[in-house]
Amino acid sequence: MSDVYLNGKFVPLEQACVPVLDRGFIFGDGVYEVIPVYDHRPLALDRHLHRLENSLKGVRITPPLSLATWQSLVKELVEREPSAQQSVYIQVTRGVAPRDHTFPPHATPTVFAMAKPLSAPPPEWIREGISTITHADFRWLKCDLKTTALLANVLLRQMAVDAGAVECLLIRDGYLTEGAASNVLVVLEGQLLAPPRNHLLLPGITYELVLELAAKKGIPCQERPVTEAELRRADEVMMTSSTREIVPITRIDGIPVGSGRPGSVTLRLLDWYQEYKRS
Ligand SMILES: Cc1ncc(COP(=O)(O)O)c(C=O)c1O
């Protein structure tokens, strides 16, 4: 693995160490971003950096680097990593301070970043679609912030894996929010439906790109609340994320979605997404 970045220096991963009193370790007090890179070119970098700024603002951490510095850091990470397909991970915590819930007056944010090879989702996921389970969304009410405090997401995702599924679809008060580590979109009666961007879900960059591509290609789409009943009678369901792109969901709680095969809207969106990546 290529060297990682920690607080201004590139060092081998084994030498990248953070003090135990870092608030990221003690409280999960930090935010992060994941940027996909294809042919050594980051995809939608500006959108990811904008979301990082938004997450920092949301948890009241002063941005430790300027936009231009983030851009050159990502560029350098990408250049150092030999794989053409990569994911760049950036994490910022509130820094190191004596353990106390209140913000430390003088801590300097910890900045960690790394690039690693990114492999495409397994071909059978696209060929057959994936199985998912559903569960009550027991996360907090600031899911629009990409924070490192992911224990709820970790538990929910593990429930899916324990059940032999890939992802856990989250239901809050009778409505679909998103997946434990992805956004979820639904095709129902010829319309692409996307749960609205609000405090209940992460505004996914892939979700955003998919909606833009769908609109451009003339697929009727609507960003509006999706009920659990609509999810269960959908013709197609898909999950989206920067590292897994667009994946057809063909089973929910053991029951086939629509025909039980990846649907044509999902597969067309996937094709257009590949075109978009190349452009
Ligand atoms: C909870 C959650 N929602 C949605 C997404 C998808 O966001 P993006 O498309 O920006 O990767 C992720 C990605 O990891 C996620 O963790």
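User: Which helix gives the most to the shell around the ligand?

Analyst: That would be H6, with three residues in the shell. Please keep in mind that this is a predicted model. H6 covers 205–216, and strand S13 (236–241) is the other element giving two or more residues.

User: What makes a residue part of the shell around the ligand, and which are the closest?

Analyst: Its C-beta atom, placed from the backbone, has to lie within 6 Å of the ligand. By that test 14 residues surround the ligand, and the closest are Leu 202, Gly 204, Ile 205, Thr 206 and Ser 242. The shell divides into five nonpolar, eight polar and one charged. Gly counts as polar in this scheme, so Gly 204 belongs with the polar residues.

User: Why are H6 and H8 called roughly perpendicular?

Analyst: Good one to check by hand! Their axes cross at roughly 105 degrees and come within 10 Å. Angles from 65 to 115 degrees count as roughly perpendicular, and therefore H6 and H8 earn that description.

User: How do you know that H6 and H8 meet, and what is the class make-up of their contact?

Analyst: Contact requires C-beta atoms, placed from the backbone, within 7 Å. On the H6 side, Leu 209, Val 210, Leu 213 and Ala 214 meet Leu 269, Trp 272, Tyr 273 and Tyr 276 of H8. By class, that contact has eight nonpolar, no polar and no charged residues. Tyr is counted as nonpolar here, so Tyr 273 and Tyr 276 fit that tally.

User: What span is expected for helix H5, and what does the model give?

Analyst: H5 (residues 151–162) has twelve residues, and 1.5 Å a residue leads to an expected 16 Å. From first C-alpha to last, H5 reaches 16 Å, close to the expectation. Just after H5, Gly 164 takes a positive phi of about 75 degrees.

User: How do you know that the two domains touch?

Analyst: The domain assignment gives domain 1 (4–117) and domain 2 (123–278). Under the 7 Å C-beta cut-off, 20 residues of domain 1 are in contact with 13 residues of domain 2. On the domain 1 side, the largest share, eight residues, comes from S3. By class, that side has nine nonpolar, eight polar and three charged residues. The domain centres, taken over C-alpha atoms, are separated by 26 Å.

Key: Residues are numbered from 1 along each chain as its sequence is written. This is a predicted model: local features need pLDDT of at least 70, side-chain atom pairs count only at pLDDT 80 or more; totals for chains, interfaces and linings use all residues. Domain bounds come from an automatic or database domain assignment. Helices (H or I, at least four residues) and strands (E, at least two) are DSSP runs, numbered from the N terminus. Axes are lines fitted to C-alpha atoms, for helices over the stretch in contact, and angles run from 0 to 180 degrees between N-to-C directions. Angles under 35 degrees count as roughly parallel, over 145 as roughly antiparallel, 65 to 115 as roughly perpendicular and the rest as oblique. The expected span of a helix is 1.5 Å times one less than its number of residues.
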